[in-house]
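Work through the exercises below with the sequence and the coordinates open. Each task is followed by a solution in steps.

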Amino acid sequence: MRAPAALRRIGELVRKELLQVRRNPALARVLLVAPMIQLVVFGYAVSTDVRDTSAFVVDRDLSAESRALLDAFTASGHFRIDGRSQRETDAVAALDHGRATVALVVPSGFAADLAAGRGRVQLLVDGTNSNTAGIARGYALRILARYAAGRGKPVLPAVEVRQRAWYNQNLASRNYNVPGVIAMLVLLTSMLVTSLAVVREREIGTLEQLQVSPLRPIELVLGKAIPFALVGLVDLALVTTVAILWFRVPFNGSLTLLAVEALVYLVPSLGLGLLISTISRTQQEAFLSSFLVLLPTLLLSGFMFPVSSMPRAFQWIAQLIPMTHFLVIVRGIFLKGIGLDLLWPRTLALLALGVVLFGAAVLRFRRRS
Amino acid sequence: MRPRRLWAIARKEAIQLRRDSRSLIIAFAMPVLLLVLFGYAITFDVRNVRTAVLDQDLSKQSRAFVDAFRASGYFTVVDALAGPDQVAPALDAGRAQIVLVIPPDFSRRLGTPRPPRVQAVIDGSDANTATLIEGYLQGTVAEVTRRLAAGGPVHSAGDGGAGSNPAAPPLTVDVRVWFNEELDSTNAIVPGLVAVIMMIIAALLTSLTLAREWERGTMEQLASTPVGRLEVVLGKLLPYLAIGLVDTAVSTALGVFLFGVPFRGNPLLLMVLSFFFLVGALGLGMFISATVRSQLLASQVALIATLLPAFLLSGFMFDIAVMPLPLRLLTYLIPARYFLVVTRGIFLKGVGVEVLALQGGLMVLFAAIGLALAARNFKKEIAA
C-alpha cells in the first residue's frame, strides 16, 4: 500500500510549512491578527443605511407653518440639518461643496398658499451618489406627504399594504455585509499567501529540492495547500466569532454547516492560489496575478453589487467566481438559517470549481517538474 | 539632490519596467479593462425584482392588481404560489425577493371603507435592495390607488366626509436632482471607479519596488552608489507617475466617450490634482516597500492598506457620513477619499479650485508625508 507513505510524505511537508509560518512572526501576525482587525474596521464601514443625511434648509417664509414643516423634516431621524439660511444661494453653495446632500427650500408666502390648498416647496437633491440620493429623496417625499396628509383631508388608500421584512427586520445593512467581509477575508488570506509561498520557494530555489524529493506532484500540492487551509479555517473561526459577538450579526444557522462549507470554499480558493503560483515566476508576478482575480471577485461576486441587477453575460461570469456561491451560502446560514437542503446546488458549484482549479494546478505542477 | 542622479535612477527603473511585460500590461491595460468591465457590469439600480404572488382571491380585480406590478417595470412575477406554506420556502431559497399575499376578500373589500389588506413579505437580508424594493412597492400601490380613484370603482366616503372627490394634495413638492439628473448609477460609479482603480494600481506598482531590490541583493549595489535616499525614492517614483497620469487621462476619456458620463469641470484641474494624488498613493506604496523588506509581506501590507480601504473606506460605495467617528477619522488616511471628491466634483458638479482647494491641499500634504516617510525608512535599510 502506498497510501500511508504518501500520507506521511504530505504530513512532513505540512509540518515544514507550519514551522515556516511559525518562525516568521510578522507573517503569522498578518495571517491571524490582520483579518480580525480588518473585520472590525470594515464591519463598521460596510453600512449602506441612509440616515442622518445632511440637509440644508432655506426658510423664506418664517411662519408657524414653515417651522412645523421643517420640524417634521428634522424629527424623522432621516435628516440632520447642517445649515439653515434665508437665501437660496446658500443652499446652492452647500450642495456644490458637498456639505449637504439635500436642500429644502420653503418659499415666501408658503403659509398663505398652504391655506389655499396650493402650497409648494422645493427639494434639491445632490445626485452624485445615485444610491444615497434615491433613497434620501424617497424619505423626504414620504415625510412631506405625511405632513400634507396631516393638514389636508384624509385620503383613504384603495389598497392597504402591510409590509414585513424577513431575516433582517430592522433592515440593518451591516447584517448582510459583515458575512460578506468574512468571505472576502478568507479568500484574501488563503489565495494570496498560497500563491506567494510557492513562488517564493521557486525564487529561492528550494522548490527544486522539493521536486527531487520522493513527493509526487499531487502530494506536493496537497502538502502546500493543507497548512493554508488550516490557517484559513482558523481565520474563519476568528472572524465569525468577531462578527457574532462584536457586531451581533444574527446567526440563525448551524455552525457545523458553516465550517463544512468553509472547507469546501477553501478548495477553489487554494486551487486558485496554487494555479497562480504555477504561472508566475516571481512573487511580483504572483501578486499582480492575484490582483487580477481579486478585483473581479470584489465587484462581480455580489459582495457590493447585487448579481441579479447585472447584464446577463456578467451574471454568467459571476457563476465562475467561487465567492459568488460562498456569499449565498454564508449569508443564508447567518441570516436565513437555511440548511444543506437549499444550499446543495451552491455547494456543488463550489466543489466543481475547486476540482477544476485544483486539477489544473496539479497538472501544471507535473508539467513543470 | 542632483537632477542628473534622479534622472539616472528614473531611467534605470523605466528600463526595468519596460522589460517586465506583466507589470507593464497591468499598469496600462488593467485600468482600462477594469473601467470598461465594471462600468458595464455594476449598478446600484435594482430592477426585475423577483416577485412571487399568493393570490387567494383569484378574481379579475386581484389579477389587475398583480398586472399593475408587472407593468411598473420594477417587478418580475416569477412564481404563483398555491398556499401560505409556500411563502417561506420561496424566500428561503431566494427564488423570490418579495411575496405578495392577496387576501380572499380582496375584490369584495375593494372600494369599501375597509380596504383590502395585502401583505408584502420582503427578503430583508440585503437591506439596501430591500429598502429600494419597499420604495417601488409603495410607489406601485400609490399608482394603483390613483388609478382606481380615477377610473375604477370609486371608493365611498370614509369618516369625516372625505371622498366625494379625491382631494388634491395640499402640498406640491418640486423635486430637482442636481448633477446627476436621472440618478443614473453609471454617472456615480465611473468617476468613483477612476479614483479607486488609480489608488490600487499606484500603490500596487510601487509596493514591491524597494522590497524586490532588497530581496535580490541589488540594494547593496544601489547603496554603494552616490545617490541619496530622496533621489532613489523620487527617481523610482517618476516612471510610475508618468504611467499613472496617462492612465488617469485614458480612464477619464473612456468615462466620457464610452459611458457618456458628463464632464462639466476643467480637465486641466483634474490632471493637476491627479498629479498630487498619484504622488501620494505612489509614496504610500514606496513607504510600505521601504518599511517591509520581504515582497511577501509588502504585498500583504499593500493589500490591507489599499485594496479594501480604497473600496470600503473611500466613500465609493459606503457613505462616510454614517460611519462611527473613529472610522471617519481613519478615512482621512485614505488618499482615494480626497480624490473621489475631486473626480465626482469635476465630472458631475463642474466645481473648480474654490471648492476643491481643501481636497487638493490635503492630497499635497499626504504626498509630502508619504514621500518623507518613505525616504526616512529607506535610509535605515542602507545603514543596516
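Helices and strands here are DSSP runs, with at least four residues (H or I) for a helix and at least two (E) for a strand, numbered from the N terminus. The model is predicted.

**Exercise 1. A loop residue in chain B**

Task: In which loop is L58(B) found, and does L58(B) count as buried or exposed?

Solution.
- Step 1. Locate the residue: L58(B) sits in the loop between β1 (49-55) and α3 (60-71) of chain B.
- Step 2. Read the backbone: phi of L58(B) is positive, about 50°, although the residue is not a glycine.
- Step 3. Apply the cut-off: a residue with 12 or fewer other C-beta atoms within 10 Å of its own is exposed. L58(B) has 12 C-beta neighbours inside 10 Å and therefore counts as exposed.

**Exercise 2. A loop residue in chain A**

Task: Find the place of R248(A) and state its phi.

Solution.
- Step 1. R248(A) lies in the loop between α9 and α10 of chain A.
- Step 2. Phi of R248(A) is near 55°, a positive value in a residue other than glycine.
- Step 3. R248(A) counts as exposed because it has 12 C-beta neighbours inside 10 Å.

**Exercise 3. The helices on either side of that loop**

Task: Describe how α9(A) and α10(A) cross, and list the residues that make the contact.

Solution.
- Step 1. Choose the descriptors: two packed helices are described by the angle between their axes and the distance between the axes.
- Step 2. Helix α9 (residues 217-245) of chain A and helix α10 (residues 255-279) of chain A have axes that come within 9 Å and cross at roughly 135°. That angle makes α9(A) oblique to α10(A).
- Step 3. The crossing in which α9(A) passes α10(A) is right-handed. On the side of α9(A), the contact is made by V221(A), K224(A), A225(A), F228(A), A229(A), G232(A), L233(A), L236(A) and T240(A). From α10(A) come L258(A), A262(A), L263(A), L266(A), L270(A) and L274(A).
- Step 4. Sorted by class, the contact of α9(A) with α10(A) has 12 nonpolar, 2 polar and 1 charged residues.

**Exercise 4. Another helix pair in chain A**

Task: At roughly what angle do the axes of α7(A) and α13(A) cross, and which residues meet?

Solution.
- Step 1. The axes of helix α7 (residues 173-204) of chain A and helix α13 (residues 322-336) of chain A cross at roughly 135° and come within 9 Å.
- Step 2. α7(A) and α13(A) are therefore oblique to each other, and α7(A) passes α13(A) in a right-handed crossing.
- Step 3. In α7(A), the residues are N175(A), Y176(A), P179(A), G180(A), I182(A), A183(A) and L187(A). They meet M323(A), F326(A), L327(A), V330(A), R331(A), F334(A) and L335(A) in α13(A).
- Step 4. By class, the contact of α7(A) with α13(A) has 11 nonpolar, 2 polar and 1 charged residues.

**Exercise 5. A strand residue with contacts in both chains**

Task: Place I122(B) in the secondary structure and list its contacts beyond four places in sequence.

Solution.
- Step 1. I122(B) belongs to strand β4 (residues 117-123) of chain B.
- Step 2. The cut-off for a buried residue is 20 or more other C-beta atoms within 10 Å of its own. I122(B) counts as buried because it has 25 C-beta neighbours inside 10 Å.
- Step 3. Leaving aside neighbours within four places in sequence, I122(B) is in contact with Q97(B), I98(B), A130(B), I133(B) and E134(B), and with Q163(A) and A165(A) of chain A.
- Step 4. From I122(B) to V87(B) the C-alpha distance is 11 Å, with their positions 35 residues apart in sequence counted as separation.

**Exercise 6. The contact between the chains**

Task: How many residues does each chain give to the contact, and which helix of chain B gives the most?

Solution.
- Step 1. Chain B gives 99 residues and chain A gives 96 residues.
- Step 2. On the side of chain B that touches chain A, helix α6 (residues 127-150) of chain B gives the most, with 13 residues.
- Step 3. That side of chain B has 61 nonpolar, 22 polar and 16 charged residues.

**Exercise 7. The chains as wholes**

Task: Set the radius of gyration of chain A and of chain B against a compact globule.

Solution.
- Step 1. Chain A has 14 helices and 5 strands; chain B has 15 helices and 5 strands.
- Step 2. Chain A has a radius of gyration of 28 Å, where a compact globule of 369 residues would have one near 21 Å. Chain B has 29 Å, against near 21 Å for a compact globule of 384 residues.
- Step 3. The C-alpha trace of chain A spans about 95 × 45 × 40 Å along its principal axes.
- Step 4. In chain A, 52% of the 369 residues count as buried; in chain B, 48% of the 384 residues do.

Methods
Residues numbered from 1 in each chain as written. Chains lettered and ligands numbered in written order. Predicted model: local features only at pLDDT ≥ 70, side-chain atom pairs only at ≥ 80, totals over all residues. Rg over C-alpha atoms; globule rule 2.2 N^0.38 Å. Axes fitted to C-alpha atoms, helices over the stretch in contact; angles between N-to-C directions. Parallel < 35°, antiparallel > 145°, perpendicular 65-115°, else oblique. Left-handed = near helix turned anticlockwise from the far one by under 90°. Contact = placed C-beta atoms within 7 Å. Nonpolar A, V, L, I, M, F, W, Y, C, P; charged D, E, K, R; others polar.
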